Amino acid sequence: LIGRLMLDLPEEMGLIAVAVRQTQGKGRGGNVWLSPVGCALSTLHITIPLHSNLGQRIPFIQHLVSLAVVESVRSIPGYEDIELRVKWPNDIYYSDLMKLGGVLVNSTLIETTFHILIGFGFNVNNSNPTICINDLITKFNKEEGTKLKPLTADCLIARTVTVLERLIDIFQEKGPNGILPRYYKYWVHSGKQVRLHSEDGPTAWIVGIDDYGYLQVHEEGKGIESVHPDGNSFDMLRNLIVPK
């Protein structure tokens, strides 16, 4: 729907589609994604000038969206310690234990403008098939004796888009260094080890992400290099990545 509309609207006009449930969603690598009622599901269309900080580093969009989802919850007073985190390159996690959302970005360059379609979905009020944000809030209330109210998908979609707008503005003004401290605050990878090439490959330590959004790892004796996912996903169980 948005793919058909986006080129017929003025560039300054935002466009978003929101679904209550999803039966034919697409994930990375062509994976099929099913989302039940209780998820926050939307596709957002934005435009980014090619000759801008973000236009020159367009892979960073997925990191900004992942961060916006997490901050949509953790920027609410009282909800700062809900254990919602980002997993490079495009997942939303409960701590480093369980996935509860993801982001998929498609970009098309037309003349000097990127047309970006951002699909994001995360569990808000559905305990199955994994865990949801309101489960985390209930758990937090029990452990801390608080009375935080459950959140709604509509509220968090709106907050995510608002936070994303601010993050894009900051990135355009200051580049990656304006965003990375906030990103690292919520990511799950600090100090983690990974294997390069294969499950019995050399060990490397994750140190951060580079100016273009690729993961940076330090392999002993070889210094720091940038890597990308192993072709399917950056698998927290197998910890596999391959050199860029």
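A residue counts as buried when its relative accessible area is under 20%. By that yardstick, 47% of the 244 residues of this protein are buried. Please keep in mind as you browse that this is a predicted model. Here is a short tour, from the whole chain down to one pocket and one glycine.

**Overall build**

- The protein's secondary structure consists of 5 helices and 13 strands.
- Among contacts with a separation of 6 or more, 55% join residues that are 24 or more positions apart.
- About 12,500 Å² of the protein is exposed, and carbon and sulfur atoms supply 51% of that area.

**How far to trust the model**

- Mean pLDDT for the protein is 85, with 88% of the residues at 70 or more.
- Of the protein's elements, α4 has the highest mean pLDDT, at 96, while strand β13 (residues 240-243) has the lowest, at 46.
- Residues 231-244 stay under 50 in pLDDT, and the model gives this stretch 53 contacts beyond four places in sequence.
- A word of caution goes with that stretch: where pLDDT is low, predicted coordinates should not be read in detail.

**The second largest pocket**

- Rolling a probe the size of a water molecule over the atoms shows where empty space is left.
- The second largest pocket has a volume of about 300 Å³.
- Its lining is made up of 16 residues, and those nearest the centre of the pocket are His45, Ile46, Thr47, Glu165 and Ile168.
- Which element gives the most to the lining of this pocket? That is α4, with 6 residues.
- Both β4 (39-49) and α4 (153-174) supply at least two residues of the lining.
- By residue type, the lining of the second largest pocket holds 8 nonpolar, 4 polar and 4 charged residues.

**A closer look at Gly102**

- You will find Gly102 in strand β7, which covers residues 98-110.
- Is Gly102 buried or exposed? Gly102 has a relative accessibility of 17%, so it counts as buried, because the cut-off for buried is under 20%.
- Leaving aside residues up to four places away in sequence, Gly102 touches Asn90, Asp91 and Ile92, as well as Gly119, Phe120 and Gly121.
- Measuring from C-alpha to C-alpha, Gly102 lies 9.6 Å from Asn123, and the two are 21 residues apart in sequence.

Conventions: Residues are numbered from 1 along each chain as its sequence is written. This is a predicted model: local features need pLDDT of at least 70, side-chain atom pairs count only at pLDDT 80 or more; totals for chains, interfaces and linings use all residues. Side-chain values use heavy atoms; hydrogens and water are left out. Helices (H or I, at least four residues) and strands (E, at least two) are DSSP runs, numbered from the N terminus. Buried means under 20% relative accessible area, exposed over 50%, partly exposed in between (1.4 Å probe, protein chains only). Contact means heavy atoms within 4.5 Å. Accessible areas come from the Shrake-Rupley method with a 1.4 Å probe; for residues, only the protein chains shown count as cover. On a 1 Å grid over the protein atoms alone, a cavity is a set of points where a 1.4 Å probe fits but cannot get out, and a pocket is an open set with protein on both sides within 12 Å along at least five of seven lines; lining residues have an atom within 4 Å of a point. Grid points are joined across faces, edges and corners, and a volume is the space filled by probe spheres set on the points. Ala, Val, Leu, Ile, Met, Phe, Trp, Tyr, Cys and Pro count as nonpolar, Asp, Glu, Lys and Arg as charged, and the others, Gly among them, as polar. pLDDT is the predictor's confidence in each residue, from 0 to 100.
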